[in-house]
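Visitor: I should like to examine a protein model and learn how its descriptive terms are justified.

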Amino acid sequence: MARASRKKGQHVELPLIGNAHDPESLYNHMRRFSQWQHEKNYSDKTIASREVYLRMFIQWCDERGIGRPQDVTKPIIERYQRHLFVYRKKDGEPLSTRSQHVRVTPIRAWFKWLARQNFILYNPASDIELPRLEKRLPKHVLTVKEAESVLAIPDLGTATGLRDRAMLEVLYSTGMRRMELIGLRVHDIDAERGTVMIRQGKGRKDRMIPMGERAIAWVEKYRHEVRPELASGADEGVLFLTHLGEAFTPNRLTQLVRDHVDAAKLNKRGSCHLLRHTMATLMLENGADIRYIQAMLGHAELSTTQIYTQVSIRQLKAIHTATHPGRMPGAAAKAVQVEQVSAAALLAALDAEEDNDARELDAP
């Protein structure tokens, strides 16, 4: 039976689907797959995400009388892919290519596991071709002036305003993800060394990265003047707390940051990831090596970070102005001197076709 709600860390028993009473059913094999992932220390987020999309596939199979893994063939999975292609949401819009991709990727991982565990003789999903993903640039990136205007929005005369300023400063200084900010503990920030320890970030990886002096000063001010007021009851050591003394939920943090961005009236939309994109782009424009930015962002693959070589246009623009034969007279002399842009990095960014989040889901 499904429960209406759950507390953090509590397992939710979702409704039964397919033939749950058959030990060899697709549903029960899905449960074995989830259990195996827990044993192999996969993140709860990855396991839950895979199960959502596997349930969709199992439900689709059940409606067509397909109940066991042995009944699933390559043509059946391809039929499911066509189903996703023609499917229309409630608003009449089709699923995006990325949505189709992420719904099929867990199926490939699942059947790969089923074959390895000898539940099936061959893997019908091994040669399935996934939809080709577009490489999209970040929709919005802030300038330095725009970023400062967002940071100035919180009301410093209130406890929550001071807290919000400290959170925005941390996001802007480090480019950390929202879940990484939510998970920060009081002692993860080392003010003396100017560093922050991000524990169990994406991919269950710890990393220590630098934090700017200004961001540390705001965090220290919040920690000494505001946090004791917000902390109530059993203090679990979470750094940033809501007015109820609890850790932020992802959606609540997203809405809080989005409200501040909207209040700045920049005609740019975004939340935590907007500040992450901004930090990476501005550091690159100021001459930071892309591998240092990769370490800051916690990207497993350099190709993920190299997307910022296309967003950071200032250096390329200056070179274009100085060297293009169609420039205005005297433009070369007026062009700002810039360091040479690495052609190899730009080509690698253009050629990077693999979607790293999907690939992470794809390999059990």
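Guide: The following exchange sets computed values against their definitions.

Guide: This is a predicted model, in which local features need pLDDT of at least 70, side-chain atom pairs count only at pLDDT 80 or more, and totals for chains, interfaces and linings use all residues. Residues are numbered from 1 along each chain as its sequence is written, and side-chain values use heavy atoms, with hydrogens and water left out.

Visitor: What is the mean pLDDT of the protein?

Guide: pLDDT is the predictor's confidence in each residue, from 0 to 100. Its mean over the protein is 83, and 79% of the residues reach 70 or more. Helices are DSSP runs of H or I with at least four residues, numbered from the N terminus. Among the elements, helix α3 (residues 74-86) has the highest mean pLDDT, 96, and helix α17 (residues 343-351) the lowest, 41.

Visitor: Where does pLDDT stay under 50?

Guide: One such stretch is residues 1-12, for which the model has 6 contacts beyond four places in sequence; a contact means heavy atoms within 4.5 Å. Another is residues 335-361, with 41 contacts beyond four places in sequence.

Visitor: What makes Glu63 and Arg64 a salt bridge?

Guide: The term requires a side-chain nitrogen of Lys or Arg within 4 Å of a carboxyl oxygen of Asp or Glu. The closest N and O atoms of Glu63 and Arg64 are 3.5 Å apart, so the pair satisfies the rule. By this rule the count comes to 15 salt bridges.

Visitor: Why is Glu63 called exposed?

Guide: Relative accessible area (1.4 Å probe, protein chains only) defines three classes: buried is under 20%, exposed is over 50%, and partly exposed lies in between. Glu63 stands at 57% and therefore counts as exposed, whereas Arg64, at 36%, is partly exposed.

Visitor: How do you know that Glu148 and Arg214 form a salt bridge, and which parts does the pair tie together?

Guide: Their closest N and O atoms are 3.1 Å apart, so the distance criterion is met. Glu148 lies in helix α5 (residues 144-151) and Arg214 in helix α8 (residues 213-225), so the pair ties together parts that are 66 residues apart in sequence. Glu148, at 29%, is partly exposed, and Arg214, at 37%, is also partly exposed. Both belong to a network of salt bridges that links Glu148, Arg165, Glu169 and Arg214.

Visitor: How far apart are the closest N and O atoms of Glu220 and Arg223?

Guide: They are 2.6 Å apart, and the two residues form a salt bridge. Glu220 and Arg223 are separated by about one helical turn because they are 3 residues apart in helix α8. Both residues are buried.

Visitor: How many aromatic pairs does a search of the whole structure find, and why are Phe33 and Trp36 called stacked?

Guide: Rings of Phe, Tyr and Trp (its six-membered ring) pair if their centres lie within 6.5 Å; planes under 30 degrees apart count as stacked, over 60 as edge-to-face and the rest as tilted. The search finds 11 aromatic pairs. For Phe33 and Trp36 the centres are 6.3 Å apart and the planes at 10 degrees, so the pair is stacked. In helix α1 (residues 26-39) these two residues are 3 apart, about one helical turn. Phe33, at 0%, is buried, and Trp36, at 16%, counts as buried.

Visitor: What makes Phe57 and Trp60 a stacked pair?

Guide: Their ring centres are 6.3 Å apart and their planes lie at 20 degrees, so the pair is stacked. Both Phe57 and Trp60 are buried.

Visitor: Which residues do ring pairs link into a cluster?

Guide: The cluster consists of Phe33, Trp36, Tyr42, Trp113 and Phe119.
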